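Please open the structure in your viewer and keep the selection panel at hand. The tour proceeds stop by stop, stating at each one what to select and what is found there.

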Amino acid sequence: MSSTASARSELLAHEQETFRQQLFDAGLLVPMGIDGLYGRGAEFERIIDGIDAVVSRKGTAVYGASPTRLRFPPVYARSAFERTDYIASFPNLTGAISTFTGDNSGHRALLADRDAGLPWDGHLSPAGTVLVSAACHPCYATLPPVLPESGVLLDIYGYCFRHEPSIDPARMQAFRMREYVRVGTPEEATEHRDSWVGYGMEVLDELGLDAADAPANDPFFGRAGRILAANQREESLKTELVVRLYGDLDDGTAVVSANCHRDHFGEAFGISTSTGEVAHSACAGFGMERIALALIRTHGIDSTSWPAEVRSSMGWTEP
Ligand code: ZN
């Protein structure tokens, strides 16, 4: 790293740490003793709900009442996770649930290690469940093998887990994603991805955020991952809407993504269209905490001083 680059990354780290401390001091986020995991204060949740209202309004303007609303727990079956192939691309971000399945002697061994101040989680075994990595992942295993004629359109909102501890409050280990998911023909999936780049931009615009679109640069793992990342860029499968939280100290933070999976999930989960072709899918995801942080960075830590049109579009009546 050149000395200019390292000075810049030091400045960035300082900005991120200062911002996080401000969020703690204001009670917006509550430290939980580990980077990337935070409690949410009442005011932070009010901001999240306001963003949700703007996203919902866009969804209703585009689709009326047609999206099927689905909510999943933050944990799902390992068998479904297997089929997403996430472990091939992002093993380092994955979270799998373990529990104790042994007998009394196994339990005594665990407690002995614990009493000796040693790690005890080696005594646990896989529980058959994993943490949800992307809000839409649990939905595919719930879809019928043959879709209705018009495909499906889902409104999904849930917690995601990614193991990437960071001092940057915009890089959380557990965060919420609001998604509109389309599963249907190749044309329907492509249209969904393309149109949500624009709709996503309109949502951010309504929130007074200055965003730009960029091809996604997912951190695929390892050597094979470099090929996946190159494919993703070449075929422009995923577009991100990016807001600069830290000026020009980095390339900005992706707050919305519009992602076409082509036949990846249709193939893996055995889903076909009403005419018998492998279903294609696409999703548009709103990173709720990141949008909240972008609002705070852009309009200030005190939401009572945010622009009136932003407040009113979030459904907040003036005091
Ligand atoms: Zn998704």
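**The cavity**

This is a predicted model, and it holds one cavity of 30 Å³ or more. The volume of the largest cavity is about 40 Å³. To display its lining, select Phe72, Pro73, Pro74, Val132, Ala135, Pro138, Ile156, Tyr157, Gly158 and Tyr159. Which classes of residue make up this lining? Nine of the lining residues are nonpolar, one is polar and none is charged. Gly158 belongs to the lining, and glycine counts as polar.

**Aromatic pairs**

Next, turn to the aromatic rings. A search of the whole structure yields 14 aromatic pairs. For one of them, select phenylalanine 24 and tyrosine 38: their ring centres are 5.7 Å apart, the planes make an angle of 55 degrees, and the pair is tilted. Phenylalanine 24 belongs to helix H1 (residues 3-25) and tyrosine 38 to strand E2 (residues 38-40), so the pair ties together parts that are 14 residues apart in sequence. Are these two residues buried or exposed? Both phenylalanine 24 and tyrosine 38 are buried.

Now select Tyr63, Tyr180, Trp196, Tyr199 and Phe286, which ring pairs link into a cluster. Within this group, keep tryptophan 196 highlighted. Tryptophan 196 is located in helix H6 (residues 186-206). Its relative accessibility is 1%, and because buried means under 20%, tryptophan 196 counts as buried. Add aspartate 35 to the selection: the C-alpha atoms of tryptophan 196 and aspartate 35 are 32 Å apart in space, and the two residues are 161 residues apart in sequence.

**Arginines over rings**

Two arginines deserve a view together with a ring. Select arginine 46 and tryptophan 316; the arginine lies over the face of the tryptophan, 4.0 Å from the ring centre. Then select arginine 297 and phenylalanine 19. Here the charged end of arginine 297 sits over the ring of phenylalanine 19, at 4.7 Å from the ring's centre.

**Helix H1 and arginine 20**

Return to helix H1 and select arginine 20, which is placed in that helix. Arginine 20 has a relative accessibility of 11%, and therefore counts as buried. What is the C-alpha separation between arginine 20 and proline 169? The two C-alpha atoms are separated by 5.7 Å, while arginine 20 and proline 169 are 149 residues apart along the chain.

**Helices H9 and H5**

Select residues 288-299, which form helix H9. This helix has 12 residues and reaches 16 Å from its first C-alpha to its last, close to the 16 Å expected at 1.5 Å a residue. Nine of the 12 residues of H9 are buried, so the helix is largely enclosed by the rest of the structure. To see the buried residues, colour Met288, Glu289, Ile291, Ala292, Leu293, Ala294, Leu295, Ile296 and His299. Glycine 300 follows H9, and its phi is positive, near 115 degrees.

For another helix, select H5 (residues 104-115). Its 12 residues should span 16 Å at 1.5 Å a residue, and its end C-alpha atoms are 16 Å apart, which agrees. H5 is followed by glycine 117, with a positive phi near 75 degrees.

**Positive phi outside glycine**

Select aspartate 85, which is not a glycine but has a positive phi of about 70 degrees. Aspartate 85 is in the loop between helix H3 (78-84) and helix H4 (86-89). Its relative accessible area is 41%, so aspartate 85 is partly exposed.

Then select arginine 262, likewise not a glycine, whose positive phi is about 50 degrees. Arginine 262 is placed in strand E11 (residues 253-262). With a relative accessible area of 38%, arginine 262 is partly exposed.

**Cysteine 260**

Remain in strand E11 and select cysteine 260, which is found there. Is cysteine 260 buried or exposed? Its relative accessibility is 7%, so cysteine 260 counts as buried. Finally, add methionine 32 to the selection: cysteine 260 and methionine 32 are 35 Å apart in space, C-alpha to C-alpha, and 228 residues apart in sequence.

Terms used. Residues are numbered from 1 along each chain as its sequence is written. This is a predicted model: local features need pLDDT of at least 70, side-chain atom pairs count only at pLDDT 80 or more; totals for chains, interfaces and linings use all residues. Side-chain values use heavy atoms; hydrogens and water are left out. On a 1 Å grid over the protein atoms alone, a cavity is a set of points where a 1.4 Å probe fits but cannot get out, and a pocket is an open set with protein on both sides within 12 Å along at least five of seven lines; lining residues have an atom within 4 Å of a point. Grid points are joined across faces, edges and corners, and a volume is the space filled by probe spheres set on the points. Rings of Phe, Tyr and Trp (its six-membered ring) pair if their centres lie within 6.5 Å; planes under 30 degrees apart count as stacked, over 60 as edge-to-face and the rest as tilted. Helices (H or I, at least four residues) and strands (E, at least two) are DSSP runs, numbered from the N terminus. Buried means under 20% relative accessible area, exposed over 50%, partly exposed in between (1.4 Å probe, protein chains only). A charge sits over a ring if NZ of Lys or CZ of Arg is within 6 Å of the ring centre and within 35 degrees of the ring normal. The expected span of a helix is 1.5 Å times one less than its number of residues.
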